[in-house]
Amino acid sequence: MTALASRPAESADPAPADRPGRGFWHVVGHAFVALLAAAGVAGVYLACVRTPLGQSVDTLMMQGADVQHERVVQVLDRALNGTTLASLVLVCVAAAAIGFIRRRVDLALAAGLLVIGANASTRLFKNYLPRPDLDGFPAPNSFPSGHTTAAASVAFALILVLPFAIRGTVALIGAAYVTIIAIATVWAEWHRPSDTVAALLVVLAWGAGASALVRARRARIPGVTARPNRLAMLLFGGIGALSATAGLLGIGAVVLSERVTPDLVSGRFAFFAGAAAITAAVAGVFAIWVRLAAGDRPVDSAPTLASAHPAPAAD
């Protein structure tokens, strides 16, 4: 009886952690996302800054922010005024402290790397990328958005270092906050929509690169990747799909207004099209980050004990 009972365990497939290449492909996957995000930044720059049509559509969406609703104006104004350097530094320090308290120095260092790297890159791009005057609206280069980069990088850092059980909730709160900040910078005419989208991609590139380093360090630790929070992924997917559809249709109408049928849409319509595109970008970027930041669940060396007492998430 004992021999027969043990045969299924002996013939069972090995755990995902024991399959060759698991750690390697996890590292490569994260690094590939970082490269794609960096390529996305370059693509947004070439399309929206280096072409006349891109500049004119982008500027029209920024200048159309004629929002008169008192409550909406208060929310946008408070979001901008409340996002100070001191508050962001405080949250960043708290994120690093959480990592050290949880004895995950690698996560604390990765969080610091993504925050510093993303914000330094944004500063360099803004100072050194040329912006030719192609739309008759001379202005200094504002690509990418510093406010959006700061808010998104801090939110990413918190998601990375906090316990796995609450990452989904924090991701939803962080995404809502970043969306308000990004739209508020366009409403205040500090940035064009492309500036905020590029900032999100900059943060994703650094976040994916930092998480690839964490994966590389833990590649040989037996475990399986924990699934991301289902509710958060469902909300990000639904909101992202709806806002992306609205944004694409709206931007298409703005392009037609610029090139084929003048005065087809109003400036306010253009602003809301840009806001929809920003919302879709935030949802997509945060969904990817929640997936990348998902922790590893360790595999117990004794199968019977592991099945009776599942090990908690390491991250």
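These are questions and answers on a predicted model of one protein chain.

Trainee: How many helices and strands are in the protein chain?
Mentor: From the N terminus, the elements run α-α-α-α-α-α-α-α-α-β-α-α-β-α. The totals are 12 helices and 2 strands.

Trainee: What share of the residues in the protein chain is buried?
Mentor: Buried means under 20% relative accessible area. The chain has 315 residues, and the buried part of them is 43%.

Trainee: Among contacts with a separation of 6 or more, what share comes from residues 24 or more positions apart?
Mentor: The count leaves out pairs with a separation below 6. Within what remains, residues 24 or more positions apart account for 83%.

Trainee: Which element gives the most to the largest nonpolar core?
Mentor: That core has 60 residues, and Phe 156, Leu 160, Val 178, Phe 236, Phe 286 and Trp 289 touch the most other members. Two or more residues each come from H2 (22–48), H6, H7, H8, H9, H10 (230–259) and H11 (267–292). The top contributor, with 12 residues, is H11.

Trainee: Which residues does Trp 289 contact, leaving aside neighbours within four places in sequence?
Mentor: Trp 289 is among the core residues that touch the most other members. Its contacts are Leu 114, Phe 156, Ile 159, Leu 160, Gly 207, Ala 208 and Ser 211.

Trainee: How many residues does the other core have?
Mentor: This core lies apart from the largest one. Its members include Met 61, Val 254, Val 265 and Ala 270. The count is 6 residues.

Trainee: Is Ser 153 buried or exposed?
Mentor: Ser 153 lies in helix H7, residues 146–161. Outside four places in sequence, Ser 153 touches Leu 114, Val 115, Ala 118, Asn 119 and Val 203. Its relative accessibility is 0%, so Ser 153 is buried.

Trainee: Which backbone oxygen does the side chain of Ser 153 reach?
Mentor: Ser 153 has a side-chain partner, Asn 119, in a polar contact of 3.2 Å. The backbone oxygen lies at 3.0 Å from the Ser 153 side chain and belongs to Ala 150.

Trainee: Which residues form the salt bridge?
Mentor: A search of the whole structure finds 1 salt bridge. Side chains of opposite charge can pair when their charged atoms come close. Here the closest N and O atoms are 2.7 Å apart, and both partners are buried. They are Arg 104 and Asp 106.

Trainee: How far does H6 reach from its first C-alpha to its last?
Mentor: H6 has 24 residues. Its buried residues include Asp 106, Leu 114, Val 115, Ala 118 and Lys 126. At 1.5 Å a residue, 34 Å is expected, and the span is close to that, at 34 Å.

Trainee: Is Arg 103 buried or exposed?
Mentor: Arg 103 sits in the loop between H5 (85–101) and H6. Its phi is positive, about 60°, although Arg 103 is not a glycine. Exposed means over 50% relative accessible area. At 76%, Arg 103 is exposed.

Trainee: What is the relative accessible area of Glu 189?
Mentor: Glu 189 is in the loop between H8 (167–187) and H9 (193–217). Its phi is also positive, near 60°. Glu 189 is partly exposed, with a relative accessible area of 42%.

Trainee: Which residues does a cis peptide bond join?
Mentor: Omega is about -5° at this bond. Its proline lies in the loop between H6 (105–128) and H7. The pair is Phe 143 and Pro 144.

Trainee: How far apart in space are Pro 130 and Pro 140?
Mentor: Pro 130 is in the loop between H6 and H7. Pro 130 is partly exposed, at 46%, and contacts Tyr 45, Val 49 and Arg 50 beyond its four-place neighbours. In sequence, the two prolines are 10 residues apart; C-alpha to C-alpha, the distance is 8.8 Å.

Trainee: What percentage of residues 196–214 is helix?
Mentor: The unreviewed UniProt entry places a "transmembrane region" feature at several spans, including 170–190 and 196–214. Residues 170–190 are 86% helix, with end C-alpha atoms 27 Å apart. For residues 196–214 the end C-alpha atoms also lie 27 Å apart, and the helix content is 100%.

Methods:
Residues numbered from 1 in each chain as written. Predicted model: local features only at pLDDT ≥ 70, side-chain atom pairs only at ≥ 80, totals over all residues. Heavy atoms only, no water. Helix = DSSP H or I, 4+ residues; strand = E, 2+ residues; numbered from the N terminus. Buried < 20%, exposed > 50% of the residue type's maximum accessible area, 1.4 Å probe, protein only. Polar contact = N/O pair within 3.5 Å; in protein donor to acceptor, adjacent residues only side chain to side chain. Contact = heavy atoms within 4.5 Å. Salt bridge = Lys/Arg side-chain N within 4 Å of Asp/Glu carboxyl O. Core = buried A, V, L, I, M, F, W, Y, C linked by side-chain atoms within 4.5 Å. UniProt positions renumbered as here; feature names shortened; annotations may be inferred. Expected span 1.5 Å × (residues − 1).
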